Amino acid sequence: MFCRLTHMITNNLNQSSASVPLISIISPIFQLINSGRRDTFKQAFLSLHNQNNNEFEHIIVDGASTDGTNQFIEELVEGLPNKKTVSFISEPDNGLYEAMNKGAAIAKGKYLMFLNSDDYLFDLNIINELSTIIKSNHPSYIYGYQYSLDETGAMHLWRRMSPTCIFNQMPFGYASILLNRKMFETLNGHDTQYKICADYDLMLRMIRRGYRGMRIKKPIGVFRYGGISADVQRTSQEHTRVWRSELGTVMDLTEVEDDEILYWIQSGKIPLSHLWSAFTHPNTSLEWKRACMHTALKTIRRKLKLKSGHRIKL
């Protein structure tokens, strides 16, 4: 459950009381030195603190590392001209998403962004652009394109992001989305029973309840392949659990095996009877219904393609 946990700050390096930041960027970390993430986190850190706009705060949440991570963070902060933008927590936690929730619980910004130790911001003007949007608009979330960086160093631009994709994939890059803090609190943050797919669970709940977002047509963050989500088997199992928990309330999944649910997710072909059940359920939003229609058309298109042996446009 998400709650305000201000007593959990054990080492606040510096914090500004003079102004309220627009954006709170939260970085969960653990054992950066032993895990080989010292350099990647430094890149993430500098991609934020070298921005040409400082209307943000950076909350770093460490899970009580014992490998010199804390000293490394202190060295990074000492090199900043404006140390007041950084807060640091170091104490035991129950994984990535509990660390994110802790950071959100002490955040002061109107919007939250989660920047993991392997990821970084795409360019040095993105905070300025996001701040301009926030000052003139008040969407529940803001999302943009995301680059993915593979093991060879090649960059791949992910453009096709939309809440209508929610049934088949993570609809947004988590390094390229800002969440309204009040909305995050209303949704009780990340469900920490999930260790890999709590972000997907949160997106499902957000879209089902009708929160509306705003897209910008440029990259926000860069995501490195790897980390805990690289465990395909565990990720698939947890993805299925999320589906049963959230979608099992709007469609009957009692006689559907986990392997079949996983096939639906991966293939993009979901039985129309189940989609109709989700579409007509009374406790769903217009955004949810649009996702149902998008997935239904995708299912029909793929079935016709398989049947005819060539692509048919509907």
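Good morning. A search of the whole structure finds 13 salt bridges. Please keep in mind that this is a predicted model. I shall discuss three of these pairs and then turn to two helices.

Let us begin with Glu-55 and Lys-135, a salt bridge whose closest N and O atoms are 3.0 Å apart. Glu-55 sits in the loop between helix H1 and strand S2, while Lys-135 belongs to helix H4, so this pair ties together parts that are 80 residues apart in sequence. Glu-55 is partly exposed, at 25% relative accessible area, whereas Lys-135 is exposed, at 53%.

Helix H4 also contains Glu-129, which is linked with Lys-218 in strand S9, 89 residues apart. Their side chains form a salt bridge with an N to O distance of 2.9 Å. Here Lys-218 counts as buried, at 17% relative accessibility, and Glu-129 is partly exposed, at 27%. Together with Asp-123, these two residues are linked in a network of salt bridges.

The third pair is Arg-241 and Glu-238, with closest N and O atoms 3.9 Å apart. Both lie in helix H7, three residues apart, which is about one turn of the helix. Arg-241 is partly exposed, at 39%, but Glu-238 is buried, at 7%.

How do the axes of helix H7 and helix H8 cross? They come within 10 Å and cross at roughly 95 degrees; H7 and H8 are therefore roughly perpendicular to each other. The contact of H7 with H8 has five nonpolar, four polar and two charged residues. Among those taking part are Trp-243 and Arg-244 in H7, and Asp-258 and Trp-264 in H8.

Thank you for your attention.

Terms used. Residues are numbered from 1 along each chain as its sequence is written. This is a predicted model: local features need pLDDT of at least 70, side-chain atom pairs count only at pLDDT 80 or more; totals for chains, interfaces and linings use all residues. Side-chain values use heavy atoms; hydrogens and water are left out. Axes are lines fitted to C-alpha atoms, for helices over the stretch in contact, and angles run from 0 to 180 degrees between N-to-C directions. Helices (H or I, at least four residues) and strands (E, at least two) are DSSP runs, numbered from the N terminus. Angles under 35 degrees count as roughly parallel, over 145 as roughly antiparallel, 65 to 115 as roughly perpendicular and the rest as oblique. Contact means heavy atoms within 4.5 Å. Ala, Val, Leu, Ile, Met, Phe, Trp, Tyr, Cys and Pro count as nonpolar, Asp, Glu, Lys and Arg as charged, and the others, Gly among them, as polar. A salt bridge is a side-chain nitrogen of Lys or Arg within 4 Å of a carboxyl oxygen of Asp or Glu. Buried means under 20% relative accessible area, exposed over 50%, partly exposed in between (1.4 Å probe, protein chains only).
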